[in-house]
Amino acid sequence: MQNIETYIKRRLRLMESMEPDSVLFLFSAPPARKSNDVFHPFRQDSDFFYFTGFDEESAALVITGESTTLFLRDKNPEQETWGGLRLGVDSAVERLGVSEAHNIDKFQDKVQAILKNRKTIYHRFGYDPKRDALLLESAAELLKRTRNGEFGPTRIIHLSALTHEMRIIKSAEEIEQIRECALITKEAHESAMSAARAGMVEYELEAELLRVFKRHGGTDAYPSIVAAGENACILHYIRNDSPLRDGDLVLIDAAAERGLLNADVTRTFPVNGRFNPEQKALYEIVLAAQRGAIARMTTAHTMDDAHDEAVRIIAQGLIDLRFVSGSLDEVLENKLYRKYFMHRTGHWLGMDVHDVGAYHIGDAPRRLVAGMVATVEPGLYIPVDDDRAPPPFRGIGIRIEDDVLIREGSPEVLTEFIPKEISAIESFMNR
Ligand SMILES: [Mn+2]
């Protein structure tokens with residue numbers, strides 16, 4: 001949690017951008033069940049945390065033009081013995097800077113009173129059918145009473161219109177937290193590179209990554225991808241149960257989350273510490289594509305510009321290797337590169353690994369702005385049964401992913417210090 005003032009300021013900004021006679025609802029994340037009565041570790045909803053700094057479950061924030069009210073679980077010594085300490089209603093106003101606090105048990109009964117004589121609801125609908133129904137039915141109930149001179153809301157606006165535009169520009173404190181995630185992630189990737197040996201199983205490297213994340217008070221930002229050999233051609237491979245073989249590459253897409261901010265990094269390195277000529281040839285193409293795309297992560301460009309540059313360099317590389325035929329224009333026009341590079345080059349990064357915020361404004365791609373953070377992650381994946389690539393290339397999958405801070409002038413690569421050049425990886429692994 002950051003300074004309480006941070007959250008108060010964010011709520012004020014939100015208030016200022018709301019329409020007159022409107023009310024805004026934000027809810028804590030629902031607990032996620034793992035099996036029977038066992039739950040995944042609680043992870044607060046990013047929007048809710050961004051405006052409260054409050055990491056408990058069963059809570060709701062209500063903002064109107066006049067006040068901010070938090071509904072939360074009250075103190076309960078018996079339940080706290082099982083589920084951990086709670087902030088409680090009495091401490092919430094002072095500790096979180098909201099204007100009022102109430103027991104969450106009373107929320108349902110108070111919704112109608114909250115909605116009364118409001119014209120507009122801001123709510124992130126489509127996530128929890130029960131909450132959607134509660135708000136809609138309460139609004140409808142009020143609308144039946146117009147003869148009594150009362151009225152209820154007639155419009156719902158999705159919260160993203162307000163909150164996601166704020167979250168897309170990172171504050172100095174948030175950037176500092178992402179830098180810390182980047183440092184932890186560097187140690188994790190280096191630790192996995194150091195540990196890798198032929199005969200190990202992918203999950204042993206996953207354990208190495210998790211050990212580092214946890215040791216620094218973090219966790220994995222997303223299930224770590226540890227993909228050896230041809231598994232690297234499966235983009236969301238998370239089984240991590242295959243052996244590491246001498247002569248293969250291993251692709252690791254893994255990063256730390258801490259304090260509800262994330263890094264997102266991919267490195268691809270040889271199990272035995274030395275790239276073979278085919279691996280080298282492909283790696284150099286992906287690296288050149290990544291460098292080209294990063295150079296376009298400036299306030300003069302858009303994410304599409306960065307993607308187009310990565311695609312252009314990869315397409316030329318595929319032509320040079322004779323995996324595709326035709327001129328560069330033909331290969332781009334007919335998207336022939338897509339057999340080997342089928343995903344986008346990057347995404348926003350922040351409290352959510354695939355962070356919120358629009359990529360287009362109207363029909364046009366959005367110009368990058370200082371304070372945005374995004375990934376740049378081109379890749380090349382040669383199917384194991386490919387009929388164009390010579391056999392030594394088949395089953396090689398390479399992705400290189402860094403996190404980039406947009407600034408006035410050249411971008412800053414926040415994760416550049418994780419070994420990336422072939423020479424850097426080889427000398428790190430054979431030091
Ligand atoms: Mn990513």
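**Exercise 1. Burial and overall dimensions**

Determine what share of the 431 residues of the protein counts as buried, and describe the box that its C-alpha atoms fill.

*Solution.* Step 1. In this predicted model, 53% of the 431 residues count as buried. Step 2. Taken along the principal axes, the box filled by the C-alpha atoms is roughly 80 × 50 × 40 Å. Step 3. The secondary structure of the protein consists of 13 helices and 21 strands. Step 4. A single pair gives a sense of distance: Pro41 and Val286 are separated by 245 residues in sequence and by 36 Å in space, C-alpha to C-alpha. Pro41 belongs to the loop between E3 and helix H2 (46-52) and is exposed, because its relative accessible area of 73% is over the limit of 50%.

**Exercise 2. The largest nonpolar core**

Identify which residues of the largest nonpolar core touch the most other members, and which element gives the most to this core.

*Solution.* Step 1. The core comprises 65 residues, of which Leu205, Val250, Ile252, Phe269 and Met297 touch the most other members. Step 2. Several elements each supply at least two residues of this core, among them helix H8 (172-195), helix H9 (202-215), strand E11 (249-253) and helix H10 (277-295). Step 3. The greatest contribution to this core comes from H11, with nine residues. Step 4. As background, nonpolar side chains in soluble globular proteins tend to be buried together.

**Exercise 3. A nonpolar patch on the surface**

State which residues form the nonpolar patch on the surface, and classify Ile156 as buried, partly exposed or exposed.

*Solution.* Step 1. The patch is made of Phe125, Leu136 and Ile156, which together have about 270 Å² of accessible area. Step 2. Ile156 is placed in strand E8 (residues 155-158). Step 3. The relative accessibility of Ile156 is 36%; this value lies between the limits of 20% and 50%, so Ile156 is partly exposed.

**Exercise 4. The manganese site**

List the protein donors of the manganese ion, and establish where His347 and Glu377 lie along the chain.

*Solution.* Step 1. Asp264 (OD), His347 (NE2), Glu377 (OE) and Glu401 (OE) are the protein donors, at 2.1 to 2.4 Å from the manganese ion. Step 2. Their spacing in sequence reads D-x82-H-x29-E-x23-E. Step 3. His347 and Glu377 link distant parts of the chain, being 30 residues apart. His347 is in the loop between helix H12 (328-333) and strand E15 (360-361), whereas Glu377 is in the loop between strand E17 (373-376) and strand E18 (379-381). Step 4. His347 has a relative accessible area of 9% and is therefore buried; Glu377, at 10% relative accessibility, is buried as well.

**Exercise 5. Salt bridges between distant parts of the chain**

Give the count of salt bridges, and compare the burial of the partners in the pairs Asp45 with Arg124 and Lys116 with Glu150.

*Solution.* Step 1. The count comes to 40 salt bridges. Step 2. In the bridge between Asp45 and Arg124, the closest N and O atoms are 2.7 Å apart. These partners lie 79 residues apart, Asp45 in the loop between E3 and H2 and Arg124 in the loop between strand E7 (120-123) and helix H6 (129-143). Asp45 is buried at 13% relative accessibility, and Arg124 is buried at 16%.

Step 3. Lys116 and Glu150 meet at 3.7 Å, N to O. Lys116 is partly exposed at 37% relative accessibility, whereas Glu150 is buried, with a relative accessible area of 19%.

Step 4. A further bridge joins Asp253 to Arg399, with 3.0 Å between the closest N and O atoms. Asp253 in strand E11 and Arg399 in strand E19 (residues 397-399) are 146 residues apart, and both are buried. Step 5. Shared partners join Asp45, Asp47, Arg124, Arg167, Lys170, Asp352 and Asp355 into one network of salt bridges.

**Exercise 6. Positive phi angles and cysteines**

Locate Asn36 and Lys335, state the phi of each, and give the number of disulfides in the structure.

*Solution.* Step 1. Asn36, in the loop between strand E2 (33-35) and strand E3 (38-39), has a positive phi near 40° although it is not a glycine. Asn36 is exposed at 64% relative accessibility. Step 2. Lys335 lies in the loop between H12 and E15, and its phi is near 50°. With a relative accessible area of 45%, Lys335 is partly exposed. Step 3. The structure holds zero disulfides. Among the cysteines, Cys181 is buried at 1% relative accessibility, while Cys233 is partly exposed at 24%.

Definitions and conventions. Residues are numbered from 1 along each chain as its sequence is written. This is a predicted model: local features need pLDDT of at least 70, side-chain atom pairs count only at pLDDT 80 or more; totals for chains, interfaces and linings use all residues. Side-chain values use heavy atoms; hydrogens and water are left out. Patches are made of residues with over 30% relative accessible area and no salt bridge: like charges are joined within 9 Å, nonpolar side chains (Val, Leu, Ile, Met, Phe, Trp, Tyr) within 5 Å. Accessible areas come from the Shrake-Rupley method with a 1.4 Å probe; for residues, only the protein chains shown count as cover. A salt bridge is a side-chain nitrogen of Lys or Arg within 4 Å of a carboxyl oxygen of Asp or Glu. Helices (H or I, at least four residues) and strands (E, at least two) are DSSP runs, numbered from the N terminus. Buried means under 20% relative accessible area, exposed over 50%, partly exposed in between (1.4 Å probe, protein chains only). Donors are N, O and S atoms within 2.8 Å of the metal (3.2 Å for Na, K and Ca); water is not among the atoms, so sites may look incomplete. A disulfide is a pair of cysteine sulfur atoms within 2.5 Å. A nonpolar core is a set of buried Ala, Val, Leu, Ile, Met, Phe, Trp, Tyr and Cys residues joined through side-chain atoms within 4.5 Å.
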